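Biologist: I'm new to this one, so could you pick a single part and take a close look at it with me? Once we've seen that spot, walk me outward from there to whatever surrounds it.

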Amino acid sequence: MSTPTASSPLETVARNHGATMASRHGRRVPANFGSVGAEEAVCLRAVGMADRSDRDTFELRGTPSVVEGALIAVGEFAWCSFVTADRALARCEHEHAAACRSLLANLDGLNAANRTAAFAAIGLIGPRAKQLLMEIDLNPSGVVIQEALGCYEIILPAERGPQLWEYLLEAGAPYDLACVGHDALDRLSAAHRFDETT
């Protein structure tokens with residue numbers, strides 16, 4: 001019996017903006033918003049906004065030293081951010097989720113859970129992404145994780161994801177932000193680094 005495909009918390013809002021959906025690792029995410037070439041170009045010159053529900057989110061709780069040790073332990077596979085001194089979020093590609101789970105399970109005093117379904121994950125990719133993030137207010141519950149140079153993720157409770165998507169479209173207009181799908185992201189090398197304007 002096959003596992004049903006999970007919906008992204010951003011699916012409805014993405015469809016409203018023209019997304020064609022596809023399944024990635026058992027989750028529905030936008031494949032494209034009409035022009036893969038244009039979406040790839042916007043990531044290289046401005047800011048692309050993507051639904052990153054294809055990745056896994058681990059929530060880590062424990063003493064500050066235990067949580068810090070956990071982040072170090074999964075550092076090869078995940079990008080992470082503290083939320084509070086005793087709580088952090090770790091994000092990884094789906095193919096690394098089992099490795100992260102195994103590493104976290106062996107740490108004494110750590111409460112770790114895969115909480116992917118509880119969060120929305122919005123990626124901002126491109127040379128103007130950092131500028132945009134410096135201009136917006138994500139309080140009280142948005143967490144920014146830097147995946148790589150010019151590649152960021154905003155993690156927030158799933159129910160707030162659609163509202164933030166709409167807000168970012170408006171706030172990102174001066175930065176030439178546009179929605180991008182996974183077909184464009186696949187064309188961009190995972191190792192690609194985006195020059196950031198200062």
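**A close look at R55**

Modeller: Let's start with the company R55 keeps: leaving out residues up to four places away in sequence, R55 touches R27, W79, R91, C92, E93, H94, T116, E147 and E153. Keep in mind that this is a predicted model. R55 itself sits in the loop between β3 (47-51) and β4. Is R55 buried or exposed? Its relative accessibility is 3%, so R55 counts as buried, the cut-off being under 20%. Among those neighbours, E153 deserves a second glance, since the side chains of R55 and E153 are joined by a polar contact of 2.6 Å.

Now follow the chain from that loop. On one side of the loop is β4, on the other β3, and each belongs to a sheet. Take β4's sheet to begin with. It is an open sheet of four strands in the order β5-β6-β4-β7, with antiparallel pairing. At the edges are β5 (78-84) and β7 (111-114), each pairing on one side only. From one strand to the next, the twist averages 20 degrees. To see one pairing in detail, look at β5 and β6 (residues 87-92): they run antiparallel and share six bridges, and S81 has L89 in β6 as its bridge partner.

Two helices lie over these strands. Helix α3 (residues 64-73) lies across β4 (56-61), β5 and β6, at about 165 degrees to β5. Helix α4 (residues 97-105) lies across β4, β5, β6 and β7, and runs at about 10 degrees to β4.

Back to β3, on the other side of the loop. Here the open sheet has five strands in the order β9-β10-β8-β3-β11, and the pairing is mixed. Its edge strands, each pairing on one side only, are β9 (143-148) and β11. The twist in this sheet averages 25 degrees between one strand and the next. β3 and β11 pair in the parallel sense over three bridges, with G48 opposite A178 in β11. Helix α2 lies across β3, β8 and β11, at about 120 degrees to β3.

What about the nonpolar packing? The largest nonpolar core has 25 residues, and M49, L124, I154 and W165 have the most contacts inside it. At least two residues of this core come from each of α1 (11-16), β3, β8 (119-125), α5 (129-135), β10 (151-157), α6 (161-171) and β11 (177-179). L124 makes a handy landmark: beyond its neighbours within four places in sequence, its contacts include V47, G48, M49, L132 and I154. Apart from that core lies another, of 14 residues, including L60, L71, L104 and L110.

One more stop, because R27 was on our opening list of R55 contacts and you may wonder about its surroundings. Strand β2 covers residues 27-32; five of its six residues are buried, so the strand is largely enclosed by the rest of the structure. β2 pairs with β1 (residues 20-24) in the antiparallel sense over five bridges, and M21 has P30 in β2 as its bridge partner. The two strands form a hairpin with two residues between them, and H25 in the turn has a positive phi of about 55 degrees.

Methods. Residues are numbered from 1 along each chain as its sequence is written. This is a predicted model: local features need pLDDT of at least 70, side-chain atom pairs count only at pLDDT 80 or more; totals for chains, interfaces and linings use all residues. Side-chain values use heavy atoms; hydrogens and water are left out. Buried means under 20% relative accessible area, exposed over 50%, partly exposed in between (1.4 Å probe, protein chains only). Two strands pair if DSSP finds at least two bridges between them. Axes are lines fitted to C-alpha atoms, for helices over the stretch in contact, and angles run from 0 to 180 degrees between N-to-C directions. Contact means heavy atoms within 4.5 Å. A polar contact is a pair of N or O atoms within 3.5 Å; within protein, one must be able to donate a hydrogen and the other to accept it, and residues adjacent in sequence count only if both atoms are side-chain atoms. A nonpolar core is a set of buried Ala, Val, Leu, Ile, Met, Phe, Trp, Tyr and Cys residues joined through side-chain atoms within 4.5 Å.
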